Amino acid sequence: MPSILLAIHGWDVQPWMEQLKKALPHFDLIQMHDDFSPDRIDYAVAWKPEAGYLARFQNLKAIFSLGAGVDHIMHDPDLPKVPLARVVDPSLTMQMTEWVVLQVLFHHRQMHLYFEQQKAKMWRDHRSQPSAAEVRVGVMGLGVLGQDASRVLRALGFDVAGWSRTAKTDLDFPCYAGIDGLDAFLGRTDILVSLLPLTHETRGLLNAQIFAKLPRDGRLGGAFLINAGRGGLQVEADILAALDRGELLGASLDVFETEPLPLTSRLWSHPRVIVTPHNAAISQPERVAALVASQITTLESGGTLEHLVDYSRGY
Ligand SMILES: NC(=O)c1ccc[n+]([C@@H]2O[C@H](COP(=O)([O-])OP(=O)(O)OC[C@H]3O[C@@H](n4cnc5c(N)ncnc54)[C@H](OP(=O)(O)O)[C@@H]3O)[C@@H](O)[C@H]2O)c1
């Protein structure tokens, strides 16, 4: 009977255990605290495993990240180089699209002003509201999540462009690629949306140099940052400084350099910052366990895995 190890930190393991048991009744499911021989483990399903932990499983055939991102696994220098697959789930994608669209609309419709006014019982129309078509949204990361968010933002009428590592020729909106395309992309971005993975190339990318290149003469009167990729992409001191200088007019952040966001962070109380607790798109055990089970069943019957991570790219 093949064995699956649940290498899960920071989440309740029980729902994953129950759903995997339901989906793979003939597999042996093992938890980290169980007494077992490491050689027995065929597969690991993982969320934030400790660095070095997976190296002891010599017979591992594959690792499954329980999230769309894999930085929480790839940071391990001793990671066994077996196939590593990530989650691609239409329901998770839709959750993220909802969150991104909510944040874009929040800034586009100047909701921070109206929240303040409501508190003061003030009836005041600030300035003419631009149409979505007059607002330029720039989506960093044109993968599964970035493309879906772009699709819905375009359906709402926003002037969307995208940026990715490699050039995209099959998308019907302006796309920029690589460092060479970055300045042109930033120069036409009023609302910057980051849906990038965290890799050695993208770490710290959302910094003062980037914010300084965002235009201030757009129809919203300045630029906004929305990040739901990973906290390691952003330099929080630079975000706060850019907000103070007016280079950024507002920010929506779901992810942070340190999570949970420390109580001492000024981001919590900044009037122009929206903070959500890394829940833009959550892996649901009942959906994701079924997807992982289907991948394992495919592999066991001689098929190939989908959504594999490229170790050289880091995502
Ligand atoms: N906050 C949350 O709740 C939450 C939930 C799920 C996922 N996430 C985050 O969202 C990330 C993206 O997910 P996904 O499924 O869309 O990933 P994906 O399909 O792998 O897409 C990644 C995109 O980023 C681009 N990219 C990677 N490195 C780059 C670089 N150095 N420069 C420019 N572009 C680069 C890729 O370019 P190419 O197209 O050229 O390869 C691709 O377009 C995940 O890695 C995870 O960190 C967050």
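# Exercises: a ligand, a sheet and a glycine

In this model, a backbone N or O atom of Gly143 sits 3.1 Å from an oxygen atom of the ligand. The model is predicted.

**Exercise 1.** Find how much of the ligand's area the protein buries.

*Solution.* Start with the contacts. Gly143 offers a backbone N or O atom at 3.1 Å from a ligand oxygen. Leu142 also uses a backbone N or O atom, here at 2.8 Å from an oxygen atom of the ligand. Arg86 uses a polar side-chain atom instead, placed 2.9 Å from a ligand oxygen. Now turn to the area. The ligand taken alone exposes 930 Å², and the protein buries 93% of that.

**Exercise 2.** Describe the shell of residues around the ligand.

*Solution.* Count the shell: 28 residues surround the ligand. Next, name the closest ones: Leu142, Thr166, Lys168, Asp254 and Tyr315. Then sort the shell by type. It holds 14 nonpolar, eight polar and six charged residues. Last, look at the elements. Helix 5 (144-155) supplies at least two shell residues, and so does strand 7 (159-164).

**Exercise 3.** Work out the strand order of the open sheet of five strands, and name its edge strands.

*Solution.* Begin with strand 1 (residues 3-8). Four bridges join strand 1 to strand 2 (residues 28-31), and the two run parallel. One such pair is Ile4 with its bridge partner Leu29 in strand 2. Follow the chain between these strands. It leaves strand 1, passes through helix 1 (residues 13-23) and reaches strand 2, in a right-handed β-α-β crossover.

Strand 1 also pairs with strand 3 (residues 43-47), in the parallel sense, over five bridges. There, Leu6 stands opposite Val45 of strand 3. A general point helps here: strands of a sheet pair through backbone hydrogen bonds, either parallel or antiparallel.

Now write the full order of the open sheet: 2-1-3-4-5, with parallel pairing. The edges are strand 2 and strand 5 (84-85), each of which pairs on one side only.

**Exercise 4.** Is Gly69 buried or exposed?

*Solution.* First, locate the residue. Gly69 lies in the loop that links strand 4 (62-65) to helix 2 (71-74). Then read its relative accessible area: 17%. Apply the cut-off: buried means under 20%. Gly69 is therefore buried, because its relative accessible area is 17%.

**Exercise 5.** State how far Gly69 is from Thr264, in sequence and in space.

*Solution.* Take the sequence: Gly69 and Thr264 are 195 residues apart. Then take space: from C-alpha to C-alpha, Gly69 and Thr264 are 27 Å apart.

Notes. Residues numbered from 1 in each chain as written. Predicted model: local features only at pLDDT ≥ 70, side-chain atom pairs only at ≥ 80, totals over all residues. Heavy atoms only, no water. Near = heavy atom within 4 Å. Polar contact = N/O pair within 3.5 Å; in protein donor to acceptor, adjacent residues only side chain to side chain. Areas by Shrake-Rupley, 256 points an atom, 1.4 Å probe, with all protein chains shown as cover. Nonpolar A, V, L, I, M, F, W, Y, C, P; charged D, E, K, R; others polar. Pairing = 2+ DSSP bridges. Right-handed = clockwise from strand over helix to strand, strands pointing away. Buried < 20%, exposed > 50% of the residue type's maximum accessible area, 1.4 Å probe, protein only.
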